[in-house]
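Work through the exercises below with the structure open. Each task is followed by its solution.

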Amino acid sequence: MGGFEGHLYPGLSFFFYGLYHAQLVSRALICNAPVQYPPRHPWSKGRWARLWQICYIGLLKILSACILVAQELHSIPRQFVLISKMYHQRNFMFRKQWQHLTLYMTFLLSGCVDMVSQNLLPKRCAALEQGAQALGMFIFLPLMVSHLQDTEGVELQSHVLLTQAMFLLTLVVTAELWAPNMLLLWIMKAFLYMITGSWLMHIGFMLFKPISGYQWMDDDRNDIMFVTTFFCWHVIFSAILMIWIYGFSFWWYCYIFVKA
């Protein structure tokens, strides 16, 4: 996830995925329904009835992964290889790019599993979907730890905080494998997805396109301390957004959806 676009696009994917889960949790709490099998609108059996019944979240995951892969390949300035033999030595090339592509492949796999489970299997297998999601987190976390090796100052502090959020998210999706319908875990998952996504986008602006127009200084203690302060603001913003989504969902399902 190098460069501005490499932080912006994955951040948007995580953030919108968190919004999706926040909406699912709010609907489950208000409608008193299982969060994994939300109630569907009683569409009429017309020509487009089957199209409305398709679950599109898996397709969106696949499209997002393809866009991220295309962006990553486009940013490579020369021939993309794994190993280069120079002066009778073996050298691994593009180490970070290969890590990014490995991560994006887990997104693609999760999207394919969602599509098969939700649209092709006779009965939806939610455990399979959650297993693919947990696999992606198990891969993402060590990749983020590896990314810390070549960083310092502001970049190091921002990625340490990102790794902290990813570690908590990994714990939540792991616990969800044993308690798939526990609403508290789904709330935490939506909350951490939004934090991860918004903070990842903020890292892109902070490191590559600072809004103030001034570069962040790695040797300035004030800059490093304010990185943590901004991260805390992202946590507060995500909490407020979760509350707003629940309030809007309550108004929608209790007053608008019933009348429709």
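**Exercise 1: one residue of a helix**

Leaving aside residues up to four places away in sequence, Gln71 touches Glu5, Gly6 and Tyr9. The model is a predicted one.

Task: Place Gln71 in its helix, then decide whether Gln71 is buried or exposed.

Solution.
- Step 1. Gln71 sits in helix α3.
- Step 2. The relative accessible area of Gln71 is 14%. The cut-off for buried is under 20%. Gln71 is therefore buried.

**Exercise 2: the partner of α3**

Task: Describe how α1 and α3 pack, giving angle, axis distance and contact residues.

Solution.
- Step 1. Packing of two helices is described by the angle between their axes and the distance between the axes.
- Step 2. For α1 and α3 (residues 57-74), the angle is about 170 degrees and the axes are 10 Å apart.
- Step 3. Angles over 145 degrees count as roughly antiparallel. So α1 is roughly antiparallel to α3.
- Step 4. On the α1 side, the contact residues are Glu5, Gly6, Tyr9, Pro10, Ser13, Tyr17 and Tyr20. They meet Ile57, Lys61, Ser64, Leu68 and Gln71 of α3.
- Step 5. Sorted by class, this contact has six nonpolar, four polar and two charged residues.

**Exercise 3: the span of α1**

Task: Compare the span of α1 with the value expected at 1.5 Å a residue.

Solution.
- Step 1. α1 covers residues 3-31, which is 29 residues.
- Step 2. From first C-alpha to last, α1 reaches 43 Å. The expected span is 42 Å, so the two are close.
- Step 3. Just after α1 comes Asn32, with a positive phi of about 55 degrees.

**Exercise 4: a second helix pair**

Task: Classify the packing of α4 against α5 and break the contact down by class.

Solution.
- Step 1. α4 spans residues 95-120 and α5 spans residues 126-147. Their angle is about 170 degrees, with axes 9 Å apart.
- Step 2. α4 and α5 are therefore roughly antiparallel to each other.
- Step 3. Among the contact residues are Leu103, Leu109 and Val113 of α4, and Leu135, Ile139 and Phe140 of α5.
- Step 4. The classes are ten nonpolar, eleven polar and three charged residues.

**Exercise 5: the whole chain**

Task: How many helices and strands does the chain have, and in which order do the elements run?

Solution.
- Step 1. The chain has eight helices and two strands.
- Step 2. Starting at the N terminus, the order is α-α-α-β-β-α-α-α-α-α.
- Step 3. Of the 260 residues, 42% count as buried.
- Step 4. The chain exposes about 15,200 Å², with 68% of it from carbon and sulfur atoms.

Technical notes
Residues are numbered from 1 along each chain as its sequence is written. This is a predicted model: local features need pLDDT of at least 70, side-chain atom pairs count only at pLDDT 80 or more; totals for chains, interfaces and linings use all residues. Side-chain values use heavy atoms; hydrogens and water are left out. Helices (H or I, at least four residues) and strands (E, at least two) are DSSP runs, numbered from the N terminus. Buried means under 20% relative accessible area, exposed over 50%, partly exposed in between (1.4 Å probe, protein chains only). Accessible areas come from the Shrake-Rupley method with a 1.4 Å probe; for residues, only the protein chains shown count as cover. Axes are lines fitted to C-alpha atoms, for helices over the stretch in contact, and angles run from 0 to 180 degrees between N-to-C directions. Angles under 35 degrees count as roughly parallel, over 145 as roughly antiparallel, 65 to 115 as roughly perpendicular and the rest as oblique. Contact means heavy atoms within 4.5 Å. Ala, Val, Leu, Ile, Met, Phe, Trp, Tyr, Cys and Pro count as nonpolar, Asp, Glu, Lys and Arg as charged, and the others, Gly among them, as polar.
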